[in-house]
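Reader: Hey, can you walk me through this protein? I'd like to start with the empty spaces inside.

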Amino acid sequence: MKRIIQVLLASLAVFVLAACSSSTSGGENTEKLVVGASNVPHAEILEEAKPLLEEKGIELEIVKFQDYILPNKSLYEKEIDANYFQHIPYLTQQVKDNPKYKFENAGAVHLEPMGVYSKRHKSLNDLPEGGKVILSNSIAEHGRILSIFEAEGLIKLKEGKGYEAQISDIVENPKNLEFVADIDPGLLTKAYENDEGDAIVINTNYAIDADLNPKKDSIALEGSDSPFANIITVREGDKEKKSIKTLLEVLHSKEITDFIDKEYKGSVLAVKE
């Protein structure tokens with residue numbers, strides 16, 4: 001009898017361990033995926049994707065970041081499996097500045113058109129002689145921002161520079177606008193609230209987080225043809241992992257693209273692949 005009880009207990013232990021290692025749906029093993037993201041809209045989009053990923057056997061954990069430096073640092077240090085906050089030009093600059101970062105683009109998810117805001121003026125054409133324009137200290141953003149002003153006819157950039165242009169590449173500036181680029185992106189909304197310049201260029205994620213509507217509140221908005229789509233970034237070699245491919249599949253699903261279109265009303269544009 002003692003022997004029979006021991007066998008039964010051993011069998012029960014094996015059953016319990018097997019149950020603990022499987023998910024509650026379908027009996028398949030659940031894989032955990034940790035993704036770092038900016039609060040808005042990235043983390044919100046990932047929250048919407050959570051139940052869809054769970055159906056596919058992936059438990060998504062979202063780690064929120066308030067800046068643009070720590071998400072890549074955390075990815076390098078393997079504290080997260082992927083991050084979702086940056087576009088390709090920013091990633092390229094980060095890798096250039098930090099050669100130890102061996103990252104790759106797993107796929108684009110959405111575009112956040114860059115907006116220009118002002119408490120003093122209704123349009124870019126209203127900017128005065130010597131007007132102060134505040135932009136972020138993120139060098140990778142400068143060409144993108146300056147292209148907005150060039151498209152409006154306020155400045156002209158060196159031929160061929162385009163999105164890679166820097167402030168020093170301005171060759172014509174009829175209004176002698178002063179471009180100030182010494183502020184962290186996360187502080188741009190504060191500069192706007194404090195009315196620190198004639199125009200403040202704010203990243204859409206920070207604008208939305210500060211209850212600004214880029215389509216309604218900006219005095220100029222980047223076009224939808226911008227190449228600055230936000231991407232899922234992973235360490236080299238992880239792009240083909242099943243969990244990463246499933247993440248992109250869900251983020252490109254009709255459920256998520258419909259959510260983006262409805263939730264952000266054109267301030268955030270889904271990349272439909």
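Author: Sure, we'll go through the cavities, then a pocket, some strands and a few unusual backbone spots. Keep in mind that this is a predicted model.

Reader: Okay, how many cavities of 30 Å³ or more are there?

Author: There are two of them. The largest has a volume of about 130 Å³. It is lined by 14 residues, and those closest to its centre are Tyr68, His87, Glu141, Asn203 and Asn230.

Reader: Which elements give two or more residues to that lining?

Author: Strand E3 (82-87), helix H5 (139-151) and helix H7 (204-209) do. E3 gives the most, with three residues.

Reader: And what's the lining like by class?

Author: For the largest cavity, you get seven polar residues, four nonpolar and three charged.

Reader: Cool. What about the second largest cavity, which residues line it?

Author: Its lining is made of Ser38, Asn39, Val40, Phe65, Gln66, Asn205, Tyr206 and Asp209. The space inside comes to about 50 Å³. Helix H2 (39-55) and H7 each supply at least two of the lining residues, and the largest share, three residues, comes from H7. By class, that lining has four polar residues, three nonpolar and one charged.

Reader: Switching to pockets: what's the volume of the largest one?

Author: The largest pocket has a volume of about 260 Å³. Among the residues lining it are Pro89, Thr92, Gln93, Lys96, Tyr163 and Phe228. Helix H4 (88-97) supplies the largest share of that lining, four residues, and H5 is another helix that supplies at least two.

Reader: How does that lining split by class?

Author: The pocket's lining has six nonpolar residues, three polar and two charged.

Reader: Back to His87 for a sec. Which residue is its bridge partner in E12?

Author: Histidine 87 has asparagine 230 as its bridge partner there. Those two residues also turned up among the ones closest to the centre of the largest cavity. As for the strands, E3 and E12 pair in the antiparallel sense over four bridges.

Reader: Does E12 have another partner, and which strand would that be?

Author: Strand E4 (residues 103-111) runs antiparallel to E12, and seven bridges join them. Across that pairing, glutamate 104 stands opposite valine 234.

Reader: So is E12 buried or exposed?

Author: Seven of the seven residues of E12 (residues 229-235) are buried, so the strand is largely enclosed by the rest of the structure.

Reader: New topic: where's the cis peptide bond?

Author: It joins valine 40 and proline 41, with omega at about -5 degrees. Proline 41 lies in helix H2, and Val40 is one of the residues lining the second largest cavity.

Reader: Why point that bond out?

Author: Because most peptide bonds are trans, and in a similar way most residues other than glycine have a negative phi.

Reader: Okay, then which residues have a positive phi without being glycine?

Author: Asparagine 176 is one, with a phi of about 50 degrees. Lysine 265 is another, with phi near 50 degrees.

Reader: Where do they sit?

Author: Asparagine 176 is in the loop between strand E8 (170-172) and strand E9 (178-183). Lysine 265 is in the loop between helix H10 (254-264) and strand E13 (269-270).

Reader: And why does asparagine 176 count as partly exposed?

Author: Its relative accessibility is 48%, and exposed would mean over 50%. Lysine 265 has a relative accessible area of 60%, so that residue is exposed.

Note on methods:
Residues numbered from 1 in each chain as written. Predicted model: local features only at pLDDT ≥ 70, side-chain atom pairs only at ≥ 80, totals over all residues. Heavy atoms only, no water. 1 Å grid on protein atoms, 1.4 Å probe; cavity = no way out; pocket = protein on both sides within 12 Å on 5 of 7 lines; lining within 4 Å. Points joined across faces, edges and corners; volume = space filled by probe spheres on them. Nonpolar A, V, L, I, M, F, W, Y, C, P; charged D, E, K, R; others polar. Buried < 20%, exposed > 50% of the residue type's maximum accessible area, 1.4 Å probe, protein only. Pairing = 2+ DSSP bridges.
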